Amino acid sequence: MAKQEMKTKAENFFSGLSPYEIRRKLYNLFFKNRKPKRTLKQKTKTTIFIWTMLALPLLNLLVFWVYVNIDSILMAFQNVDYANGGVEYWTLDNFKEIHRMFTEKTPGYDMIRYGINTMIYWMIGTLWSIPHSILLTYVFHKKLRGTKFFRVVLYLPSIICAVVLVGIFEAFISAKGVLGTLMTEVFGASRVPAWFQEAEYANPMLFLYSFFFGFAGHYILFSGAMAKISKEVQEAAVLDGVNMWQELWSIYIPLMWPTISMTIVTSFAGIFGATGCILLLTPNVTETFTFGYWIYDQVRRYQSYYIPSALGLLFTLVAYPLCLLVRRLVTSFYQDVE
Amino acid sequence: MRKKRDVLERRRTIGERIFFIITFLVLAIWSIIVLCMFLWALMNVFKTNIDYLREPLALPKLSDLQWENFKLAIDKLEYNGHGFWDMLFNSVWLVGGTALLQSFSVCVTGYIFAQYEFKGREFLFKTVLFIMIIPIYGALPASYKLIYGLGINDSPLYLISQIGGFSANMMITYGFFKGVPRAYREAVYIDGGSDFKAFTTIGLPMGKNILIAYFLLNFITQWNNYETPLLYFNNMPTLSLGLHAFQQEIQYAANYPAYFAGALIAMLPILLIFIFFADKLMGQMYSGGLKG
């Protein structure tokens with residue numbers, strides 16, 4: 001009987017523990033909860049282990065982040081004298097050139113237009129996408145009919161290669177596609193525009209593409225945040241008799257606020273970075289360019305480093321304080337929510 | 001349990017019902033358009049180009065399915081003298097290598113920061129936080145200059161630039177390994193094991209799920225990436241680059257059925273990952289990013 005009792009006690013003592021936990025527990029039992037003492041040699045070995053493991057990521061950080069960013073700042077104040085064998089020299093001309101590009105009409109550049117396009121993309125990705133993603137997350141959470149199906153379809157555009165998606169979309173709306181055929185044969189249109197080649201249509205179609213495939217762009221992130229809200233809080237709200245809007249506004253949004261505010265701050269951090277699908281759809285229609293795409297295009301096509309670096313630096317100088325300001329602002333909401 | 005479900009799923013007011021119906025309709029229309037697009041493209045894979053141009057909305061002739069379009073697509077997918085198989089090989093090592101290195105390195109950095117106290121830890125940790133919040137726009141020219149300066153473009157050595165480790169993703173693995181008791185590691189010491197043994201017998205097995213999920217997500221992102229190969233891999237093109245060239249070409253000399261076939265082939269690995277790992281991928285993401 002006593003033997004059986006001891007066996008049960010031992011089983012209870014170790015039940016549900018991993019082998020490592022058992023060893024640790026036994027160690028504590030015999031050595032009175034002392035942490036295992038480590039010799040200097042062992043500590044040195046641990047230090048060597050830590051820095052060996054961190055060496056490659058650290059080297060990568062130093063070369064491909066620290067060096068690259070320092071160089072990009074330096075390049076903003078440099079240019080090349082091709083007449084004298086490509087010697088780099090220090091100058092402020094890059095900033096003067098940027099000022100000229102913004103203030104004077106230059107053939108081939110329309111920085112104001114690029115700025116407007118950039119802002120439109122940003123608004124689609126932020127002002128449109130964040131609120132409707134919250135609403136969609138809420139209705140899915142409340143088990144809208146067909147939620148499982150919609151979740152899979154919503155997920156598709158984000159896993160399919162943009163080249164494929166763009167190619168199919170372009171064909172779908174072309175003269176020989178579904179939209180083109182409907183326009184000519186059902187609605188009697190005399191011609192179907194070459195949507196992405198004609199400057200008049202290119203921009204609206206690009207925005208439409210971003211709008212359409214950016215549908216519920218933040219849904220995945222928000223659904224994770226909403227799933228973490230405790231059932232007890234939700235039950236309490238329902239028992240209090242709140243309606244849908246009260247529930248969303250007073251319970252869900254405050255409790256999801258860390259995720260929402262992070263998304264808002266991140267979107268402000270990327271305010272000048274939108275490139276849309278310009279490279280795939282309208283690489284030669286300059287009216288559709290954004291600041292982000294212009295920098296990419298200058299580097300890829302012309303290996304032009306200096307003015308894009310200067311423009312990038314200016315954007316960083318604007319976006320960084322803006323980000324901090326937005327962060328301070330958004331974190332001031334719902335501070336007392338736990 | 002039944003009672004709880006009832007409490008949460010309360011009766012909706014008329015206004016709420018109307019809102020749910022409208023949302024359902026909008027989503028249904030959106031889904032139908034998206035699925036129609038894919039089905040239409042899939043349908044046209046099996047047509048000749050002439051049939052496609054003549055009747056783009058007609059179903060393919062079942063007696064004459066054009067399987068040759070796949071062969072044509074493989075022949076047509078070409079970039080700078082590199083054919084389909086070359087590009088597939090480049091995609092596999094570049095994408096697989098990048099995904100593996102990045103996922104492994106964020107696991108390593110997350111594990112080290114969560115499990116150890118060491119000199120310089122605070123500084124490095126704050127550096128990661130700084131990297132996360134500072135918006136940098138002008139780094140592309142410097143990065144491009146560096147990659148070409150080092151001569152690692154069009155080379156497997158390019159992978160060294162992809163190691164990463166100190167990024168926003170590290171915070172996710174850090175959060176995960178923070179939840180692993182340090183006592184486990186100490187138990188390995190008691191057994192006479194080293195830190196490396198602790199990492200391979202505790203860190204890696206426990207972080208296996210996060211490593212796999214992060215690898216898969218990274219694989220999908222890198223497989224679909226065409227902008228980076230366009231900058232650095234013009235002489236070792238990937239499949240997405242070949243498809244991009246094909247997509248630009250069909251605007252002028254259209255052979256859409258062959259293009260759709262090529263698109264289907266390029267999509268296949270991602271679709272297979274999605275089919276076999278959908279629950280894992282979606283589950284990981286829906287739970288608020290990655291989790292262990």
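Start at the seam inside chain B of this predicted model: nine residues of domain 1 of chain B are in contact with eight residues of domain 2 of chain B. To set that up in your viewer, colour 2-69 of chain B as domain 1 and 75-286 of chain B as domain 2. If you drop a marker on each C-alpha centre, the two markers sit 32 Å apart.

Stay on the domain 1 side of that seam. Select α2 (14-45) and α3 (49-54) of chain B, the elements that each give two or more residues to the side touching domain 2 of chain B. The largest share of that side comes from α2(B), with three residues. Now colour the domain 1 side by class: you should get three nonpolar, five polar and one charged residues.

Next stop, the nonpolar interior. The largest nonpolar core has 114 residues. Show Cys161(A), Val164(A), Cys277(A) and Ala263(B) as sticks, since these are the residues with the most contacts inside that core. Then highlight helix α5 (residues 84-115) of chain B, which supplies ten residues, the largest share of the core. Domain 1 (2-69) and domain 2 (75-286) of chain B both contribute residues, so this core lies between them.

Zoom in on Ala263(B) and pick out its partners. Leaving aside residues up to four places away in sequence, Ala263(B) touches Val164(A), Gly167(A) and Ile168(A) from chain A, plus Ala41(B) and Leu243(B) from chain B.

Last stop: which residues should you click to find the second, separate core? Try Ile134(A), Leu221(A), Met226(A) and Leu255(A), which are among the 20 residues of that core.

Methods. Residues are numbered from 1 along each chain as its sequence is written. Chains are lettered from A and ligands numbered from 1 in the order in which they are written. This is a predicted model: local features need pLDDT of at least 70, side-chain atom pairs count only at pLDDT 80 or more; totals for chains, interfaces and linings use all residues. Domain bounds come from an automatic or database domain assignment. Two residues are in contact if their C-beta atoms, placed from the backbone, lie within 7 Å. Helices (H or I, at least four residues) and strands (E, at least two) are DSSP runs, numbered from the N terminus. Ala, Val, Leu, Ile, Met, Phe, Trp, Tyr, Cys and Pro count as nonpolar, Asp, Glu, Lys and Arg as charged, and the others, Gly among them, as polar. A nonpolar core is a set of buried Ala, Val, Leu, Ile, Met, Phe, Trp, Tyr and Cys residues joined through C-beta atoms within 7 Å. A residue is buried if 20 or more other C-beta atoms lie within 10 Å of its own, exposed if 12 or fewer, and partly exposed in between; C-beta atoms are placed from the backbone.
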